[in-house]
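Subject: Structure handover

Dear colleague,

Here is the structure we discussed, passed on for you to look through. My notes follow below it.

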Amino acid sequence: MPAVVDLRSDTVTKPSPAMRKAMAEAEVGDDVYHEDPSINRLEEMVAALYGKEAALYVPSGTMANQVAIRAQTHHGDEIIMERSSHPFNSEAGALAALAGVQVNLIEGRRGIIEVDQIKAAVRTPNVHHAPTALICLENTHNRGGGSIWPLDKIRAIREYALSVGVPMHLDGARLLNACVATGLTPKDYAVYFDSCTLCLSKGLGAPVGSLIIGSKAFIERAHRFRKQFGGGMRQAGILAAAGIYALEHNVERLAEDHLNAKRLARGIADIEGLEVDVNAVETNIVYFHVRKAELTVPMLLERLKAEGVLMGGTGPTSIRAVTHLDVDKEGIDRAVEVLRAAMK
Ligand SMILES: *Cc1c(COP(=O)(O)O)cnc(C)c1O
């Protein structure tokens with residue numbers, strides 16, 4: 001049987017032999033004391049990439065978001081985010097448990113919200129209100145289908161946020177996917193945010209690691225909360241070396257993942273009983289629907305799995321497939337053929 005085509009997530013990538021070599025050769029030190037040269041180098045690289053003063057390496061994207069939010073809010077504050085955003089839906093309740101904030105959710109279109117919705121959500125000073133402490137956006141938007149935030153919409157929100165003194169956070173787990181797709185740079189986006197994140201363990205292919213990016217003062221505060229949340233690591237330069245390798249070798253190639261996602265969507269569009277919006281596929285995430293009464297999502301996923309194709313169920317009729325550096329064009333074509341057969 002040919003190799004498994006695993007499209008459940010871009011987190012499933014495994015470190016390549018060259019990446020493992022870079023890890024084995026990494027210089028290390030105690031990072032809680034800022035003495036790990038590989039982590040220091042990675043943090044400097046990413047701060048420069050985002051055009052900010054400083055960055056902080058953390059074990060996961062969840063910790064990146066939660067530490068960044070914690071460092072900019074007080075317990076009992078309110079933050080604004082889109083209803084389907086990752087920190088609200090997929091971080092195990094950390095906003096309540098760790099950051100200690102409540103959330104004012106806005107219904108978006110494919111994860112994108114409008115400045116007028118934010119204007120209506122920001123709290124006025126009133127003893128009854130939890131003060132609005134932060135506006136959080138996500139780019140690309142995971143549950144929005146890998147959608148890319150238009151820069152003019154971010155700019156409009158930033159202009160308003162500045163006028164009411166509310167800082168902004170960007171969940172940039174897949175910001176580089178947005179950059180490769182649009183030709184914009186991370187700086188072009190990051191300039192509108194007080195804090196940002198980046199995941200190295202998604203399409204970039206590192207086994208572990210995310211970064212928080214922002215001003216020097218903010219990162220100093222975040223450093224304390226990273227320790228408090230249990231994210232202070234020691235000779236983790238071995239992991240950071242994988243991140244450096246990923247940034248040096250795996251960014252431009254994200255374009256291939258985007259082509260493969262389009263190819264997959266076109267293939268799916270051609271299969272009876274499946275429904276997909278091909279034009280909505282902007283980066284490496286494809287959402288599609290099963291429109292066959294007698295066939296449930298779990299049944300279809302089982303049939304795919306039996307043929308070595310893995311995807312994720314995300315709702316009563318919806319399935320998500322994510323492309324990444326361990327799936328090539330041939331793998332995509334096989335996934336389409338297996339899907340076609342499974343729908344018969
Ligand atoms: C994957 C992801 C994260 C972080 O996930 P971890 O599994 O904690 O690394 C954060 N935001 C978005 C949008 C993501 O897709």
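In which loop does T140 lie? T140 belongs to the loop between β5 (132-138) and α7 (151-164). Please keep in mind throughout that this is a predicted model.

Backbone

The peptide bond that leads from N139 into T140 is cis, its omega being near 0°. A second point concerns A92, a residue other than glycine whose phi is positive, near 55°. A92 sits in the loop between α4 (86-89) and α5 (94-99).

Ligand

Twelve names make up the surroundings of the ligand: S60, G61, T62, N65, H86, E91, E138, N142, D171, A173, R174 and K202. Helix α3 (residues 61-71) provides the largest share of this shell, 3 residues. Sorted by class, the shell holds 5 charged residues, 6 polar ones and 1 nonpolar one.

Three distances to side chains are worth listing:

- D171: an N or O atom of the side chain is 2.6 Å from a nitrogen atom of the ligand.
- K202: a polar side-chain atom is 3.0 Å from an oxygen atom of the ligand.
- H86: an N or O atom of the side chain is 3.5 Å from a nitrogen atom of the ligand.

On its own the ligand has 380 Å² of accessible area, and the protein covers 84% of that.

Largest pocket

The largest pocket holds about 540 Å³ of space. Its lining consists of 25 residues, and those closest to the pocket centre are R143, G144, G145, Y287 and H289. Strand β10 (residues 285-290) contributes the most to this lining, with 4 residues. By class, the lining of the largest pocket comprises 11 polar, 8 charged and 6 nonpolar residues.

Where does the largest pocket lie with respect to domain 1 and domain 2? It lies between them, because domain 1 (17-249) and domain 2 (253-342) both give residues to its lining.

Cavities

How many cavities of 30 Å³ or more are there? The count is 2.

The largest cavity has a volume of about 40 Å³. Its lining is formed by M81, E82, S85, P87, G111, C136, L137, E138, H141 and D171. Both β3 (78-82) and β5 supply at least two of these residues, and β5 gives the most, with 3 residues. The lining of the largest cavity splits into 4 nonpolar, 3 polar and 3 charged residues. E138 and D171 appear in this lining and also among the residues around the ligand.

For the second largest cavity the volume is about 30 Å³. A173, R174, L175, L176, N177, L198, C199, K202, G203 and L204 line the second largest cavity. Two or more of these residues come from each of α8 (175-182) and β7 (195-199), with α8 giving the most, 3 residues. By class, the lining of the second largest cavity has 6 nonpolar, 2 polar and 2 charged residues. A173, R174 and K202 are in this lining and also in the surroundings of the ligand.

Where to look

When you open the model, the ligand contacts of D171 and K202 can be viewed together with the cavities, since D171 is part of the lining of the largest cavity and K202 is part of the lining of the second largest cavity. The cis peptide bond from N139 to T140 can be viewed with the loop between β5 and α7.

Regards

Key: Residues are numbered from 1 along each chain as its sequence is written. This is a predicted model: local features need pLDDT of at least 70, side-chain atom pairs count only at pLDDT 80 or more; totals for chains, interfaces and linings use all residues. Side-chain values use heavy atoms; hydrogens and water are left out. On a 1 Å grid over the protein atoms alone, a cavity is a set of points where a 1.4 Å probe fits but cannot get out, and a pocket is an open set with protein on both sides within 12 Å along at least five of seven lines; lining residues have an atom within 4 Å of a point. Grid points are joined across faces, edges and corners, and a volume is the space filled by probe spheres set on the points. Ala, Val, Leu, Ile, Met, Phe, Trp, Tyr, Cys and Pro count as nonpolar, Asp, Glu, Lys and Arg as charged, and the others, Gly among them, as polar. Domain bounds come from an automatic or database domain assignment. A residue is near a molecule or strand if one of its heavy atoms lies within 4 Å of it. A polar contact is a pair of N or O atoms within 3.5 Å; within protein, one must be able to donate a hydrogen and the other to accept it, and residues adjacent in sequence count only if both atoms are side-chain atoms. Accessible areas come from the Shrake-Rupley method with a 1.4 Å probe; for residues, only the protein chains shown count as cover.
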